[in-house]
Amino acid sequence: MSTVAAGTLALPTPKDAGFKSLDETEDAKIEQEAGRAGSDPKEEGDDGKLTSEEEQDSGLKLSLKEQIEKDKDEGRLRRWKEQLFGRADVSAFEYGVGNKVPEVKILTLSIQSPGRPDVDLPFSLGASNNPKRSLFTLKEGSRYRTKFSFNVSNSTVSGLKYAYTVWKTGIRVENTKIMIGSFSPRQEPYTYELEEETIPCGLFARGSYFVRTKFVDDEGKCYMDFSYYFEIRKNWQ
């Protein structure tokens with residue numbers, strides 16, 4: 001038995017009392033965790049964190065790839081629209097403007113003959129209200145063509161046609177429909193020229209003619225209905 005000096009209180013040391021220091025306790029916990037996991041818990045924690053980051057990186061890369069493919073598809077779709085509708089403001093169709101009813105406004109309608117001034121038909125003035133007035137004269141045997149310009153707005157017009165019927169002394173001598181095509185809306189006007197034709201010659205060809213001309217689409221909508229008179233003579237005067 002150990003001897004204790006008088007006036008002092010002998011306390012057992014942690015070792016004697018069977019207690020472990022804080023460092024020893026932490027070391028024991030680490031050893032136990034290591035024994036159960038079979039690996040260094042710090043390395044395991046790092047590996048777990050690294051795996052999570054890799055998964056996140058993998059998901060991010062996949063999302064970026066999908067976005068690139070989506071952009072490619074949108075580019076193809078836009079090029080297809082431009083081929084189908086022309087180089088118009090394609091965004092107008094994407095935002096629902098293409099769902100509106102197309103509007104076609106005829107701007108000019110003229111008769112051209114080589115070496116002669118163009119004859120601009122005053123369809124906007126309602127010249128057909130005076131049916132006996134001839135708007136112009138064509139010389140027999142001369143060549144001519146019809147030219148017109150127009151604007152398209154709101155939506156694409158499908159199957160726009162130019163139709164005209166010609167009468168002489170009350171007898172129909174010609175009835176023609178010409179397919180112009182489909183046109184998308186744009187700010188710049190379209191210009192179209194018909195094929196060149198030759199005025200007939202002879203006594204029976206001369207005289208006054210009545211013409212009714214129309215612009216219609218596939219739906220049967222009429223954008224202009226204009227009538228006028230012209231004459232075929234032996235000379236220009």
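Let me begin with a definition: a residue counts as buried when its relative accessible area is under 20%, as exposed when that area is over 50%, and as partly exposed in between. By that rule glutamate 140, at a relative accessibility of 14%, is buried, and I will come back to this residue in a moment. Please keep in mind throughout that what we are looking at is a predicted model.

I start with the charged pairs. How many salt bridges does a search of the whole structure find? The search gives seven, and I will go through three of them.

The one that involves our opening residue joins the side chains of glutamate 140 and arginine 206, with a distance of 3.0 Å from N to O. This pair links distant parts of the chain, since glutamate 140 sits in the loop between strand S3 (134-139) and strand S4 (143-153), while arginine 206 sits in the loop between strand S8 (197-198) and strand S9 (207-216), with the two positions 66 residues apart in sequence numbering. Glutamate 140 is buried, as I said, whereas arginine 206 is partly exposed at 28% relative accessibility.

Another of these bridges brings together the side chains of arginine 143 and glutamate 196, again with 3.0 Å from N to O. Here too distant parts of the chain are linked, arginine 143 belonging to strand S4 and glutamate 196 to the loop between strand S7 (190-193) and S8, 53 residues apart. Arginine 143 is partly exposed at 41%, and glutamate 196 is partly exposed at 36%.

The last bridge I will show pairs lysine 161 with aspartate 218, and its closest N and O atoms are 3.3 Å apart. Because lysine 161 lies in strand S5 (residues 157-168) and aspartate 218 in the loop between S9 and strand S10 (222-233), the pair ties together parts that are 57 residues apart in sequence. Lysine 161 is buried, with a relative accessible area of 16%, and aspartate 218 is partly exposed, with 48%.

As for covalent links between cysteines, a search of the whole structure finds zero disulfides. Cysteine 201 is exposed, at 54% relative accessible area, and cysteine 222 is partly exposed, at 37%.

Now to the pocket. The largest pocket holds about 360 Å³ of space, and 20 residues line it, with Tyr144, Tyr164, Val166, Glu174 and Phe230 lying nearest its centre. Which strands each supply at least two residues of that lining? They are S3, S4, S5, strand S6 (171-183), S8, S9 and S10. In composition, the lining divides into 16 nonpolar residues, two polar and two charged.

Of the residues nearest the centre, let me dwell on tyrosine 144, which is found in strand S4. Is tyrosine 144 buried or exposed? With 16% relative accessibility, tyrosine 144 counts as buried. Setting aside neighbours within four places in sequence, its contacts are Ile111, Gln112, Ser113, Leu138, Glu195, Glu196, Glu197 and Ile199, and Glu196 is the residue whose side chain meets arginine 143 in a salt bridge. In addition, the C-alpha atoms of tyrosine 144 and aspartate 118 are 10.0 Å apart in space, with 26 residues separating them in sequence.

One of those contacts, serine 113, deserves a look from its own side. Serine 113 lies in the loop between strand S1 (103-112) and strand S2 (119-120) and is buried, at 10% relative accessibility. Not counting residues up to four places away in sequence, serine 113 touches Ser142, Arg143, Tyr144 and Trp236.

At the other end of S4 we come to serine 153, a residue of that strand, which is partly exposed at 33%. Beyond its neighbours within four places in sequence, serine 153 is in contact with Val101, Pro102, Glu103 and Pro185, and its C-alpha is 9.3 Å from that of lysine 100, although the two are 53 residues apart in sequence.

I close with the backbone. Most residues other than glycine have a negative phi. Asparagine 154, in the loop between S4 and S5, has a positive phi, near 75°, and is partly exposed at 30%. Threonine 169, in the loop between S5 and S6, also has a positive value, near 50°, and threonine 169 is exposed, at 67% relative accessibility.

Definitions and conventions. Residues are numbered from 1 along each chain as its sequence is written. This is a predicted model: local features need pLDDT of at least 70, side-chain atom pairs count only at pLDDT 80 or more; totals for chains, interfaces and linings use all residues. Side-chain values use heavy atoms; hydrogens and water are left out. A disulfide is a pair of cysteine sulfur atoms within 2.5 Å. Buried means under 20% relative accessible area, exposed over 50%, partly exposed in between (1.4 Å probe, protein chains only). Helices (H or I, at least four residues) and strands (E, at least two) are DSSP runs, numbered from the N terminus. Contact means heavy atoms within 4.5 Å. A salt bridge is a side-chain nitrogen of Lys or Arg within 4 Å of a carboxyl oxygen of Asp or Glu. On a 1 Å grid over the protein atoms alone, a cavity is a set of points where a 1.4 Å probe fits but cannot get out, and a pocket is an open set with protein on both sides within 12 Å along at least five of seven lines; lining residues have an atom within 4 Å of a point. Grid points are joined across faces, edges and corners, and a volume is the space filled by probe spheres set on the points. Ala, Val, Leu, Ile, Met, Phe, Trp, Tyr, Cys and Pro count as nonpolar, Asp, Glu, Lys and Arg as charged, and the others, Gly among them, as polar.
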